[in-house]
Amino acid sequence: MKILTNGLKSPKTDKYEIDTRKIKKIHGDFKVTSIEFEDGEVLPVDGIFVAQGVACGSDFAKKIGVITENDKIIVNESMETNLKGVFSCGDITGGLLQINKSIYEGAQAGLSAVNYIKTLNY
Ligand SMILES: Cc1cc2nc3c(=O)[nH]c(=O)nc-3n(C[C@H](O)[C@H](O)[C@H](O)COP(=O)(O)OP(=O)(O)OC[C@H]3O[C@@H](n4cnc5c(N)ncnc54)[C@H](O)[C@@H]3O)c2cc1C
């Protein structure tokens with residue numbers, strides 16, 4: 001397996017071959033057949049797995065004073081952050097980046113939010 005970073009800084013791994021060149025084009029009709037780099041070289045491939053990151057979701061949290069560590073929001077078992085009434089769940093809390101973990105944490109955060117709202121005297 002080869003990891004293509006599309007011009008981004010290389011992840012640290014001894015396990016796989018890393019290629020940091022920028023990708024110009026992905027070729028193939030019904031199936032991906034090759035990757036073309038900006039330098040013109042074409043790499044034949046059987047398939048690709050896109051794992052491109054997005055704008056960090058913790059940026060907003062940091063702005064409102066939520067404590068983060070390595071861009072991950074710190075929560076307790078109830079998915080509470082350091083700010084009262086602010087809960088977090090899913091990838092942004094770190095650990096296993098999988099849907100089932102996000103769903104569990106989402107359910108827990110929802111229950112915690114309901115319990116928190118019940119404590120408010122409106
Ligand atoms: C290519 C790929 C393949 C994957 N395959 C699998 C798999 O096979 N099985 C599996 O279990 N997991 C897989 N995952 C991981 C899985 O997708 C994630 O673990 C899961 O989607 C995390 O859910 P989430 O709700 O925490 O975050 P996300 O799904 O990332 O949702 C967060 C949302 O918040 C939005 N957002 C961020 N910041 C803001 C903001 N400031 N204001 C408003 N909205 C904001 C984002 O746009 C996004 O829509 C895969 C991930 C990738 C990238």
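**Entry 1: domains**

Domain bounds come from an automatic or database domain assignment. I kept that in mind and noted that the model I opened is predicted. I then looked up how the protein is divided. I found domain 1 at residues 2-44 and domain 2 at residues 58-119. I also looked up how far apart the two centres sit. Taken over C-alpha atoms, the centres of domain 1 and domain 2 are separated by 35 Å.

**Entry 2: the sheet**

Next I turned to the strands. Which order do the strands of the open sheet follow? I read it as 3-4-5, with 3 strands and antiparallel pairing. Strand 3 (23-28) and strand 5 (42-44) are the edge strands, and each of them pairs on one side only. From one strand to the next, the twist averages 25°.

**Entry 3: strand 3 with strand 4**

I took the pairs one at a time. Strand 4 covers residues 32-37, and 5 bridges join strand 3 to it. The two strands run antiparallel. I then traced partners across this pair. Gly-28 has Val-32 as its bridge partner in strand 4. His-27 has Ser-34 as its bridge partner there. Ile-26 stands opposite Ile-35. I also checked the link between the strands. Strand 3 and strand 4 form a hairpin, and 3 residues lie between them.

**Entry 4: strand 4 with strand 5**

I moved on to the other pair. How many bridges are there between strand 4 and strand 5? I noted 3 bridges, again in the antiparallel sense. Ile-35 turned up once more, with Leu-43 as its bridge partner in strand 5. So I could follow one row by name: Ile-26 is opposite Ile-35, and Ile-35 is partnered with Leu-43. Strand 4 and strand 5 also form a hairpin, with 4 residues between them. In that turn I looked at Gly-40, which has a positive phi of about 95°. I added one general reminder to the page: in a regular strand, side chains alternate between the two faces of the sheet.

**Entry 5: the ligand**

Last, I looked up the ligand. Which residues are around it? I listed Phe-49, Val-50, Gly-57, Phe-60, Gly-90, Asp-91, Leu-97, Gln-98, Ile-99 and Ser-102. I sorted this shell by type and got 5 nonpolar, 4 polar and 1 charged.

Then I checked distances to oxygen atoms of the ligand. For Asp-91, a polar side-chain atom lies 2.8 Å from a ligand oxygen. For Ser-102, an N or O atom in the side chain is 3.4 Å from a ligand oxygen. For Leu-97 the atom is in the backbone: an N or O there lies 3.5 Å from a ligand oxygen. How much of the ligand does the protein cover? On its own the ligand has 990 Å² of accessible area, and the protein covers 38% of that.

Methods. Residues numbered from 1 in each chain as written. Predicted model: local features only at pLDDT ≥ 70, side-chain atom pairs only at ≥ 80, totals over all residues. Heavy atoms only, no water. Near = heavy atom within 4 Å. Polar contact = N/O pair within 3.5 Å; in protein donor to acceptor, adjacent residues only side chain to side chain. Areas by Shrake-Rupley, 256 points an atom, 1.4 Å probe, with all protein chains shown as cover. Nonpolar A, V, L, I, M, F, W, Y, C, P; charged D, E, K, R; others polar. Pairing = 2+ DSSP bridges. Axes fitted to C-alpha atoms, helices over the stretch in contact; angles between N-to-C directions.
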